[in-house]
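Trainee: I should like to understand how the terms used for a protein model are justified. May we examine one structure together?

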Amino acid sequence: MALIAWPSAAQAQFFWDLDNDGPDVERSYVEPPPAPRPQVKHTRKAQKPAVIKEAAKPQGPVLISISIEEQRLKVYDSNGLYAETPISTGMRGHSTPMGVFSIIGKKKFHRSNIYSGAPMPYMQRITWSGIALHAGVLPGYPASHGCIRMPMNFATRMYGWTRMGSRVVIAPGQLSPVDFEHPLLFTRRPEPKLTATSTPAPNETGTTATDKQADAPLPDLKTGLNLQDGPRQSDMLIRIADTGDTVLAATPAIMRESTDTTAPVQPNAATPAPATDDPAASTVPVKRTGHIAAFISRKEGKIFMRQNFEPLFEAPVTIADGGPLGTHVFTLRADKDDPKAFKWSVVSLPPRQAAASQPHKTKRGERTPVEVALPSPSVALDRITVPADAMDRIADAMMPGDSLTVSDLGLGGETGRGTDFIVPLR
C-alpha cells in the first residue's frame with residue numbers, strides 16, 4: 001500500500017515541472033559562470049605621426065621634453081622644436097617617474113634584466129632603477145613598465161642626436177625651453193686674474209731686472225718634476241677631504257700657491273679630487289674631461305658641480321627668504337653671432353604637488369589636465385647669491401650643452417654614482 005501511494009520519480013518530475021516547461025523537459029542544475037574580472041579600460045587616442053625637420057641633425061645641444069598626458073616626446077635644439085613623436089609611457093602600477101633626468105647610458109641592442117630579457121633596442125638610460133627610452137610597441141595609451149617607448153625609426157635617429165648627459169624632462173604637460181638672461185648666468189669666460197706687481201726701479205745702466213730677465217734665454221721646459229725633492233712652489237696640492245691625502249696638480253701661474261708643503265705627494269696627478277666644500281679647493285681650476293652639470297639646492301644651501309657623472313666640488317650659497325624656488329633647468333648654448341659668447345635657455349617644471357601631477361576627473365570620467373602656474377626662474381635667481389670664485393670656476397669649465405639646475409630639493413636617492421643631478425617631481 002505504501003508503494004502504491006508514493007508517486008514515482010517520473011510523476012514527481014511531472015508535478016515539479018508542470019508550471020514551467022512541461023512534463024517532457026528534464027531539468028538539471030547548471031552552475032553559473034564566474035563573474036568577469038574588472039578590466040582597466042584604455043582610451044585609445046588618435047596619435048599624431050612623428051615629425052622631423054629636414055635638417056640632417058639638430059643644431060647645438062638637444063633637450064628632450066616628455067608629456068605624460070599628451071603621450072608625446074619632443075626634441076629641442078638651438079633653433080627650437082626639431083622633432084616630435086608619439087610615445088607610450090608607464091601603465092597604472094608602473095608609472096613613469098617625472099622630473100629632471102639625463103642620458104646616463106646608451107646601448108643599441110639591449111635586453112631587460114628585470115622583465116625576462118625583453119628587447120629594448122636603441123636604449124638610452126635615464127635612471128639606474130630601470131627607466132629608459134627605447135623602441136617599442138605603441139598601442140595608443142600608456143602600456144609600458146615605466147620606460148618611454150618610441151617608434152623604431154624615431155628611436156634609431158634620436159640615438160644619434162643625443163650624447164651622454166643630454167637633459168630629459170618629464171612632466172604631466174608639455175614643456176618647452178625658452179631663451180633666458182640673468183646677471184647670475186655668465187655669457188662670457190671670466191678674465192684671468194693677474195696678481196699686481198710693483199714696477200722695479202732702473203739701475204745705473206737704465207735697465208731693470210725685468211729687462212734682464214726678458215733678454216735671458218728661456219729655461220728648458222722639458223725638465224720633469226722631481227718628486228723625490230718634494231713639490232715646488234709652482235705646483236698646487238689639492239687636499240682630498242675623505243682621506244686627508246694630497247694630489248699634485250699642475251696649475252697656471254696665476255694660481256701658484258701651495259696650501260700644504262709638508263703633506264706627502266701622490267704620484268698619480270691625473271686623479272680628480274672628490275667633492276669638497278673647502279674654500280681653498282673652490283679656487284682650483286677645473287680641467288675639463290667631459291660634460292659639466294651644476295646644481296643649486298635650497299634644501300642643502302649649496303651649489304654642487306659634477307663632471308662625467310662624478311662630483312667635483314661643492315660650495316655654500318646664500319638664498320634669501322621668500323618661499324620655494326621651484327625647479328628650473330638652465331642649458332648653456334653657443335651664441336651664433338659671437339663665437340666667444342654664450343646664451344641660456346630655461347625649462348621650469350611645475351611644483352612638486354600631488355594635485356599638480358594628477359588631472360581632475362569629470363562626471364563622465366574624462367580626464368582634464370590641471371593648469372598649474374609655473375614659478376618664475378628670474379625671481380628664483382634673484383634670491384640666490386653664489387660665491388664669485390665658485391661661479392668663475394664653473395664658468396671657466398662649462399661648454400655648450402652643460403646645464404645648471406635650481407631646485408628646492410636636495411640630492412635625492414636617484415642622484416648617485418654614475419648620474420647627473422636627478423630631481424623627481426613625486
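Mentor: We shall go through confidence, burial, aromatic rings and strands in turn. This is a predicted model, in which local features need pLDDT of at least 70 and side-chain atom pairs count only at pLDDT 80 or more, while totals for chains, interfaces and linings use all residues. Residues are numbered from 1 along each chain as its sequence is written, and side-chain values use heavy atoms, with hydrogens and water left out.

Trainee: What is the mean pLDDT of the chain, and which elements have the lowest and the highest mean?

Mentor: pLDDT is the predictor's confidence in each residue, from 0 to 100. The chain has a mean of 75, and 62% of its residues reach 70 or more. Among the elements, strand β12 (residues 235-239) has the lowest mean pLDDT, 32, and strand β2 (residues 63-67) the highest, 97. Over residues 212-273 the pLDDT is below 50, although the model has 68 contacts for this stretch beyond near neighbours in sequence. A contact means heavy atoms within 4.5 Å.

Trainee: How many helices and strands does the chain have, and what makes a run count as one?

Mentor: The chain has seven helices and 24 strands. Helices (H or I, at least four residues) and strands (E, at least two) are DSSP runs, numbered from the N terminus.

Trainee: Why is Trp 344 called buried?

Mentor: Buried means under 20% relative accessible area, exposed over 50%, and partly exposed in between, with a 1.4 Å probe and protein chains only. Trp 344 has 3% relative accessibility, so Trp 344 counts as buried. Phe 186, with a relative accessible area of 10%, is therefore buried as well. Buried residues make up 40% of the 426 residues in the chain.

Trainee: What makes Phe 186 and Trp 344 an aromatic pair, and why is the pair called edge-to-face?

Mentor: Rings of Phe, Tyr and Trp (its six-membered ring) pair if their centres lie within 6.5 Å; planes under 30 degrees apart count as stacked, over 60 as edge-to-face and the rest as tilted. Here the centres are 5.4 Å apart and the planes stand at 85 degrees, so both conditions are met. Phe 186 lies in the loop between β11 (178-180) and α4 (209-215) and Trp 344 in strand β19 (residues 342-349), so the pair ties together parts that are 158 residues apart in sequence. The structure holds nine aromatic pairs. One of them, Phe 154 with Trp 161, is edge-to-face, at 5.7 Å and 85 degrees, and both residues are buried. Tyr 82 joins Phe 154 and Trp 161 in one aromatic cluster.

Trainee: How do you know that the charged end of Lys 106 sits over the ring of Tyr 159?

Mentor: A charge sits over a ring if NZ of Lys or CZ of Arg is within 6 Å of the ring centre and within 35 degrees of the ring normal. The charged end of Lys 106 is 4.5 Å from the centre of the Tyr 159 ring, so the distance condition is met. The charged end of Arg 306 likewise sits over the ring of Phe 421, 5.4 Å from its centre.

Trainee: Why do β1 and β24 stand at the edges of their sheet?

Mentor: Two strands pair if DSSP finds at least two bridges between them. Seven strands form an open sheet with mixed pairing, in the order β1-β4-β3-β2-β10-β5-β24. β1 (51-52) and β24 (423-424) each have a single partner strand, so one side of each is left without a neighbour in the sheet. Within this sheet, β2 and strand β3 (residues 72-77) pair in the antiparallel sense over five bridges, and Ile 64 stands opposite Val 75 in β3.
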